[in-house]
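The exercises below walk through one protein chain. Each gives a task and then a solution in steps.

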Amino acid sequence: MNKITNIASLLMLTVQAAMCLVACGHAGVYVGDMSWLFAVSVSAHAAISFLEKRPQYYNYPRNFRNPTKAGQLLGRLIGILKLITVTTLTLFSLDSYAGTRLCLPVAVLSLLALAAATFVFVRKLNKT
């Protein structure tokens with residue numbers, strides 16, 4: 001599962017980089033927002049990838065019966081949160097590039113997806 005989320009999040013970063021490069025060639029498109037969003041996406045991806053590979057740095061206040069399985073579940077949760085975060089920032093970049101009005105619906109759907117993923121994995125973690 002983590003390989004799929006890693007590939008998908010890298011694909012989103014590639015799409016975002018391509019949009020930035022295409023926008024640089026068009027006059028009338030403000031590239032400043034897109035470049036900042038791309039920088040935030042890359043830094044968020046790097047920070048979350050660091051945490052995904054090192055579950056011992058999580059401060060989850062609980063002793064688990066099976067710490068190995070709990071570490072794997074936390075790694076999967078962080079991978080899914082990374083994918084949702086990078087996808088959201090890519091859609092914000094698309095909003096800046098194309099001038100659509102997707103920011104509010106995307107933000108609401110992203111928050112719902114983050115909450116749902118966290119709820120599901122916390123339920124699974126409580127069973128370990």
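**Exercise 1.** Among contacts in the chain between residues at least 6 apart in sequence, what percentage join residues at least 24 apart?

Solution. This is a predicted model, in which local features need pLDDT of at least 70 and side-chain atom pairs count only at pLDDT 80 or more, while totals for chains, interfaces and linings use all residues. Residues are numbered from 1 along each chain as its sequence is written, and side-chain values use heavy atoms, with hydrogens and water left out. Contact means heavy atoms within 4.5 Å. Among the contacts in question, 74% join residues at least 24 apart.

**Exercise 2.** State how many helices and strands the chain has, and in what pattern.

Solution. Helices (H or I, at least four residues) and strands (E, at least two) are DSSP runs, numbered from the N terminus. The chain has four helices and zero strands. Along the sequence the pattern reads α-α-α-α.

**Exercise 3.** Decide whether S9 and H45 are buried or exposed, and find what they touch.

Solution. Step one is the cut-offs: buried means under 20% relative accessible area, exposed over 50%, and partly exposed in between (1.4 Å probe, protein chains only). Step two applies them. S9, in helix α1 (residues 2–25), is buried because its relative accessible area is 0%. H45 belongs to helix α2 (residues 31–53) and is also buried, because its relative accessibility is 11%. Step three lists contacts, leaving aside neighbours within four places in sequence. S9 is in contact with H45, K82, L83 and V86. H45 is in contact with S9, L10, L13, K82 and V86.

**Exercise 4.** Describe the largest nonpolar core.

Solution. A nonpolar core is a set of buried Ala, Val, Leu, Ile, Met, Phe, Trp, Tyr and Cys residues joined through side-chain atoms within 4.5 Å. The largest one has 13 residues, of which L77, I80, L81, A117, F121 and L125 touch the most other members. Two or more residues come from each of α3 (67–98) and α4. The most come from α3, which gives eight. Not counting residues up to four places away in sequence, L81 touches L114, A117 and T118.

**Exercise 5.** Which residues make the nonpolar surface patch of about 420 Å²?

Solution. The patch is made by L104, V108, L109 and L112. Of these, take L112: this residue lies in helix α4 (residues 103–127) and counts as exposed because its relative accessible area is 52%. Patch members have over 30% relative accessible area and no salt bridge (a side-chain nitrogen of Lys or Arg within 4 Å of a carboxyl oxygen of Asp or Glu); like charges are joined within 9 Å, and nonpolar side chains (Val, Leu, Ile, Met, Phe, Trp, Tyr) within 5 Å. Accessible areas come from the Shrake-Rupley method with a 1.4 Å probe, and for residues only the protein chains shown count as cover.
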